[in-house]
Amino acid sequence: MEKKLQLVQQIRSRYHENQYDMSNRERILYGRSRDPLDAFPEPDLEQPHPSSLFRVRLLVALLLFGLIVAMDRGGFQVAGLTADKILEAISADYEDALDQWVEAMSDSSKY
């Protein structure tokens, strides 16, 4: 029984040495210390949740869509733009211009 107890103590001692060595390596290589609580970090309350930004973008998109519909039905202009000009710009095919731009960028990055 005494030998089993010594074996368990030796294993625990070795485990703690390994954890200490790993912590030192991480501190040297990455500039951070290893803490057992790092496995479960506390949520950062300063950062907004990604879904909240989605809701804001969705709200802005719906408001803009409503503005375009109102402009179309009412026939009024906002900053010199009519609903027809906006719809024309949205429906324009920019694929050829984008392809040319991508080719020009890829050619210039080779040099």
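A residue is called exposed when its relative accessible area is over 50%. Keep that cut-off in mind for the views of this predicted model.

**View 1. The whole chain is built from helices.** Four helices and zero strands make up the secondary structure, and from the N terminus on the order reads α-α-α-α. Just 5% of the 111 residues count as buried. The accessible surface comes to about 10800 Å², and carbon and sulfur atoms account for 60% of that area.

**View 2. Confidence varies along the chain.** The mean pLDDT is 79, with 79% of the residues reaching 70 or more. Helix H1 (residues 2–30) has the highest confidence, at 89, while H3 has the lowest, at a mean of 80. A friendly reminder for anyone planning calculations: where pLDDT is low, the predicted coordinates should not be read in detail.

**View 3. A negative patch includes a loop residue, Asp93.** Asp93, Glu95, Asp96, Asp99, Glu103 and Asp107 form this negative patch on the surface. Where does Asp93 lie? Look in the loop that links helix H3 (83–91) to helix H4 (95–109). Asp93 counts as exposed because its relative accessible area is 62%, beyond the 50% cut-off.

**View 4. A nonpolar patch includes Val56 of helix H2.** Here the surface shows a nonpolar patch of Val56, Val60, Leu64, Leu67, Phe76 and Val78. Together these side chains' residues offer about 470 Å² of accessible area. Val56 sits in helix H2, which covers residues 50–74. How does Val56 count, with a relative accessibility of 48%? Val56 is partly exposed, because the label exposed is kept for values over 50%.

How values were computed. Residues are numbered from 1 along each chain as its sequence is written. Side-chain values use heavy atoms; hydrogens and water are left out. Helices (H or I, at least four residues) and strands (E, at least two) are DSSP runs, numbered from the N terminus. Buried means under 20% relative accessible area, exposed over 50%, partly exposed in between (1.4 Å probe, protein chains only). Accessible areas come from the Shrake-Rupley method with a 1.4 Å probe; for residues, only the protein chains shown count as cover. Patches are made of residues with over 30% relative accessible area and no salt bridge: like charges are joined within 9 Å, nonpolar side chains (Val, Leu, Ile, Met, Phe, Trp, Tyr) within 5 Å. A salt bridge is a side-chain nitrogen of Lys or Arg within 4 Å of a carboxyl oxygen of Asp or Glu. Lys and Arg count as positive and Asp and Glu as negative; His and the chain ends are not counted. The place of a charge is taken as NZ of Lys, CZ of Arg, CG of Asp or CD of Glu. pLDDT is the predictor's confidence in each residue, from 0 to 100.
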